[in-house]
Amino acid sequence: MTKSNRTAGIMTTAIHAGDPPDASTNASAPPIHMSSTYITQDLSGFSAHDLTPDSPYAYSRWANPTVAGLEAKIAALQGTEACLATASGMAAASAIFFTFLSAGDHLVVSDVSYAGVAELARETLPRMGVEVSAVNMSDPAAVADAIRPNTCLIHTETPVNPIGRLTDLAAISNLARRAGALLSCDATFASPLGMDAVALGVDLTMHSITKYIGGHGDAVGGAVAGSAKLISKMRAEAGIHHGGILSPFNAWLIARGATTLPLRMQAHQAGAMAVAEWLEADPRVTQVIYPGLSSHPQADLAKRQMSNMSGMISFQVGNAADGERVAQQMIDRLEVIHYAVSLGHHRSLIFWMGTDGLMETSFRLQGPQLEDYRAYAGDGIFRLSVGLEDAEDLIGDLDRALG
Ligand SMILES: *Cc1c(COP(=O)(O)O)cnc(C)c1O
């Protein structure tokens with residue numbers, strides 16, 4: 001089931017796309033194909049350049065049936081022609097950067113993003129001769145100002161990790177079109193259910209599938225969804241040459257998780273709404289950022305752009321010292337929520353992120369960009385990934401930990 005023949009609803013698509021019954025055994029559930037190599041029936045070439053979309057399986061770094069099933073499922077969920085699965089979300093970001101940027105090119109990247117992506121863009125790409133501008137992507141005028149004649153790629157993330165700020169994708173994609181640049185978007189927080197990135201003009205939608213798509217905290221992986229043309233270029237460079245491919249075992253686990261993605265996203269949204277409203281009403285909490293709340297600074301954009309508000313909440317408790325005290329109380333007192341990094345799992349996860357520390361290690365913002373960050377995050381935020389537990393139990397846990 002591919003985009004072109006997708007007549008089924010989203011729940012049916014999540015279950016059946018990429019998971020046909022096994023032709024050799026009639027098994028209803030998909031098998032795991034762990035084979036690294038495949039017996040060849042014809043004389044064939046031995047290069048990435050010899051690969052075509054209808055080439056038979058030859059070697060699992062080129063293509064693997066279990067991984068291809070997951071790729072078809074994610075492409076169907078995201079509404080794209082194709083998808084490349086990668087070893088991690090970071091491998092997906094690297095795949096985009098190292099396939100579409102060369103020395104002398106210019107990248108406009110969000111000034112706030114997943115820390116690993118921020119560090120890769122700011123530290124590694126300039127070493128390779130790529131010019132990088134880190135811009136507040138919630139401000140289309142700032143993006144327009146940053147564009148240069150050699151801008152090849154605009155990479156954004158919405159909602160952005162860790163502060164929940166949004167990018168107006170339709171506005172930024174207009175700028176990208178006019179500049180002749182590609183637009184990529186890290187939609188990990190939103191999941192494929194959160195936004196119709198294709199309709200909003202995104203060329204390459206990436207996910208850390210470690211998060212919502214896998215959904216169970218037991219496998220690390222990444223994916224980039226886009227047109228067949230862009231994805232086949234990435235498969236040749238990032239998959240076959242850079243080699244950051246997903247293992248079939250992780251693909252199988254993640255595909256199994258993805259079958260319930262639409263149901264889980266509904267439940268994440270409902271749980272997060274209940275928890276966000278409770279937090280917002282609690283006098284111990286200074287500020288809550290959740291796209292589903294009317295208090296979100298971009299609530300109108302959230303309503304226009306997002307079809308599911310996801311389960312990611314950021315909230316502040318006083319100043320840095322208060323935040324650190326409460327973080328320690330969480331480590332000592334939480335009984336349901338795990339104090340841990342990562343997100344998008346059935347288990348709720350929370351983690352404290354101090355603003356000063358993140359500025360030193362990852363974002364290095366100054367002046368108006370730092371002020372804008374602080375408007376969302378103050379001295380620091382708790383990043384809460386609301387899982388699938390009963391909201392009352394999560395609220396009871398937070399109540400104990402806020403103390
Ligand atoms: C986790 C995350 C990544 C990195 O993904 P990994 O699977 O951990 O490599 C990238 N972007 C966002 C928004 C993330 O949350």
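In this report, helices and strands are runs assigned by DSSP, with at least four residues of H or I for a helix and at least two of E for a strand, and they are numbered from the N terminus. Please keep in mind that the model is predicted.

## The ligand and its surroundings

Let us start with the bound molecule. Which residues come nearest to the ligand? They are Gly89, Asp186, Ser208, Thr210 and Lys211, out of 13 residues around the ligand. By type, this shell splits into 7 polar, 3 charged and 3 nonpolar residues.

Polar contacts to the ligand involve both backbone and side-chain atoms. A polar backbone atom of Gly89 sits 2.8 Å from an oxygen atom of the ligand. Met90 also takes part through its backbone, where an N or O atom is 2.8 Å from a ligand oxygen. Thr210 uses its side chain instead, placing an N or O atom 2.7 Å from an oxygen atom of the ligand. How much of the ligand does the protein bury? On its own, the ligand exposes 380 Å², and the protein buries 91% of that area.

## The pocket that holds the ligand

The ligand takes up the space of the second largest pocket. This pocket has a volume of about 430 Å³. Its lining comprises 29 residues, and those nearest the centre are Tyr114, Ala115, Asn161, Lys211 and Arg383. Helix 3 (89-100), helix 4 (115-127), strand 6 (204-208), strand 11 (349-354) and helix 12 (355-363) each give two or more residues to this lining. Nonpolar residues account for 14 members of the lining, polar ones for 11 and charged ones for 4.

Lys211 is worth finding in the viewer: it is one of the residues that come nearest to the ligand, and it is also listed among those nearest the centre of the second largest pocket.

## The largest pocket

Where is the largest pocket, then? It encloses about 1000 Å³ of space. There are 46 lining residues, with Tyr57, Ala63, Ala68, Glu71 and Arg235 closest to the centre. Helix 2 (65-78), strand 1 (82-86), helix 7 (228-242) and helix 8 (248-258) each contribute at least two residues to the lining. Which element gives the most to this lining? The answer is helix 2, with 9 residues.

## Closed cavities

Moving on to closed spaces, the model has 3 cavities of 30 Å³ or more. The largest cavity holds about 110 Å³. Its lining consists of 14 residues, and Trp62, Val67, Glu71, Arg235 and Ile245 lie nearest its centre. Two or more residues of this lining come from each of helix 2, strand 1 and helix 7. Helix 2 gives the most here, with 3 residues.

The second largest cavity has a volume of about 60 Å³. Among its 13 lining residues, Pro159, Gly164, Phe189, Pro291 and Met312 are the closest to the centre. Strand 9 (residues 312-316) supplies the largest share of this lining, 3 residues.

Here are the volumes and lining types side by side.

| Space | Volume | Lining residues by type |
|---|---|---|
| Largest pocket | about 1000 Å³ | 27 nonpolar, 11 polar, 8 charged |
| Second largest pocket | about 430 Å³ | 14 nonpolar, 11 polar, 4 charged |
| Largest cavity | about 110 Å³ | 8 nonpolar, 3 polar, 3 charged |
| Second largest cavity | about 60 Å³ | 10 nonpolar, 3 polar, no charged |

## Backbone details in the loops

A few backbone features are worth a look as well. The peptide bond running from Thr158 to Pro159 is cis, with omega near -15°. Pro159 belongs to the loop between strand 4 (151-157) and helix 6 (169-179), and it is one of the residues closest to the centre of the second largest cavity. Asn161 and Pro162 are joined by a cis peptide bond too, with omega at about 5°. Pro162 is likewise in the loop between strand 4 and helix 6. Asn161 also features in the ligand's surroundings at the pocket level, as one of the residues nearest the centre of the second largest pocket.

What is the sign of phi at Ser191, positive or negative? It is positive, near 70°, in a residue other than glycine. You will find Ser191 in the loop between strand 5 (182-186) and strand 6. Strand 6 is also one of the elements that give two or more residues to the lining of the second largest pocket.

Definitions and conventions:
Residues numbered from 1 in each chain as written. Predicted model: local features only at pLDDT ≥ 70, side-chain atom pairs only at ≥ 80, totals over all residues. Heavy atoms only, no water. Near = heavy atom within 4 Å. Polar contact = N/O pair within 3.5 Å; in protein donor to acceptor, adjacent residues only side chain to side chain. Areas by Shrake-Rupley, 256 points an atom, 1.4 Å probe, with all protein chains shown as cover. 1 Å grid on protein atoms, 1.4 Å probe; cavity = no way out; pocket = protein on both sides within 12 Å on 5 of 7 lines; lining within 4 Å. Sits in = over half its atoms within 2 Å of the grid points. Nonpolar A, V, L, I, M, F, W, Y, C, P; charged D, E, K, R; others polar. Points joined across faces, edges and corners; volume = space filled by probe spheres on them.
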